[in-house]
Amino acid sequence: VGNFSIDLGTIYNNVTITLTDINGRIIQFKNTLNGRFFDLEIDNSSGMYLLIVESGKNKAVIKIIKN
């Protein structure tokens, strides 16, 4: 349905979360001072998306497929 949660495992400061479609268009952007758990929702159609989570020098890119 497009709802999902992120657990970073520990609290990070200055977390940036960017959700893009496969063409690089930004679907959602969140910037928070600190956090560990984040709830997101993809309102767009089915397909592949990229979730980019950054905090300082740490960065993760995760492929998400919405059915």
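Start at the hairpin: select strands S1 and S2, and you will see four residues between them. Within that turn, click on Gly24, which has a positive phi of about 90°. A word before you go on: this is a predicted model.

**Along the hairpin**

Now colour residues 3-21, which are S1, and residues 26-41, which are S2. The two strands run antiparallel and are joined by 13 bridges. For a landmark on this pairing, pick Val15 and look across to S2, where Thr32 stands opposite.

**Out to the rest of the sheet**

Next, add residues 47-55, strand S3. S3 runs antiparallel to S1, and seven bridges join the two. One place to zoom in is Asp21, whose bridge partner in S3 is Tyr49.

Then bring in S4, which pairs with S3 in the antiparallel sense over nine bridges. Select Glu54 here and you will find Lys59 of S4 standing opposite.

With the four strands on screen, step back and read their order: S2-S1-S3-S4, an open sheet with antiparallel pairing. Which strands stand at the edges? They are S2 and S4 (58-66); each has a single partner strand, so one side of each is left without a neighbour in the sheet. Rotate the view to look at the twist: neighbouring strands of this sheet are turned by 20° against each other on average, direction ignored.

**Two neighbours in S1**

Go back to S1 and select Asn14, which is found in that strand. Its phi is positive, about 55°, although Asn14 is not a glycine. Switch on the surface, and Asn14 appears as partly exposed, with a relative accessible area of 47%.

Now select Thr16, also a residue of S1. Is Thr16 buried or exposed? Thr16 is buried, at a relative accessible area of 17%, which falls under the 20% limit for that class. Show side chains to see its polar contact: the side chain of Thr16 meets that of Asn31 at 3.4 Å.

**The salt bridges**

How many salt bridges does a search of the whole structure find? The search finds two. As background, side chains of opposite charge can pair when their charged atoms come close.

For one of them, select Arg36 and Asp7, whose side chains meet at 2.8 Å, N to O. This pair links distant parts of the chain, with Arg36 in strand S2 and Asp7 in strand S1, 29 residues apart. Arg36 is partly exposed, with a relative accessible area of 30%, and Asp7 also counts as partly exposed, at 44%.

For the other, return to Asp21, the residue you met as the bridge partner of Tyr49. Asp21 forms a salt bridge with Arg25, and the closest N and O atoms are 3.7 Å apart. Asp21 is buried, with a relative accessible area of 11%.

**Last stops: a loop and a patch**

Select Ser45, in the loop between S2 and S3. Ser45 is exposed, with a relative accessible area of 55%. Add Gly2 and draw a C-alpha to C-alpha distance: the two residues are 9.0 Å apart in space and 43 residues apart in sequence.

Finally, show the surface of Ile22, Met48 and Ile65 together; they make a nonpolar patch of about 280 Å². Of these, Ile22 takes you back towards where the tour began, as this residue is found in the loop between S1 and S2.

Terms used
Residues are numbered from 1 along each chain as its sequence is written. This is a predicted model: local features need pLDDT of at least 70, side-chain atom pairs count only at pLDDT 80 or more; totals for chains, interfaces and linings use all residues. Side-chain values use heavy atoms; hydrogens and water are left out. Two strands pair if DSSP finds at least two bridges between them. Axes are lines fitted to C-alpha atoms, for helices over the stretch in contact, and angles run from 0 to 180 degrees between N-to-C directions. Buried means under 20% relative accessible area, exposed over 50%, partly exposed in between (1.4 Å probe, protein chains only). Patches are made of residues with over 30% relative accessible area and no salt bridge: like charges are joined within 9 Å, nonpolar side chains (Val, Leu, Ile, Met, Phe, Trp, Tyr) within 5 Å. Accessible areas come from the Shrake-Rupley method with a 1.4 Å probe; for residues, only the protein chains shown count as cover. A salt bridge is a side-chain nitrogen of Lys or Arg within 4 Å of a carboxyl oxygen of Asp or Glu. A polar contact is a pair of N or O atoms within 3.5 Å; within protein, one must be able to donate a hydrogen and the other to accept it, and residues adjacent in sequence count only if both atoms are side-chain atoms.
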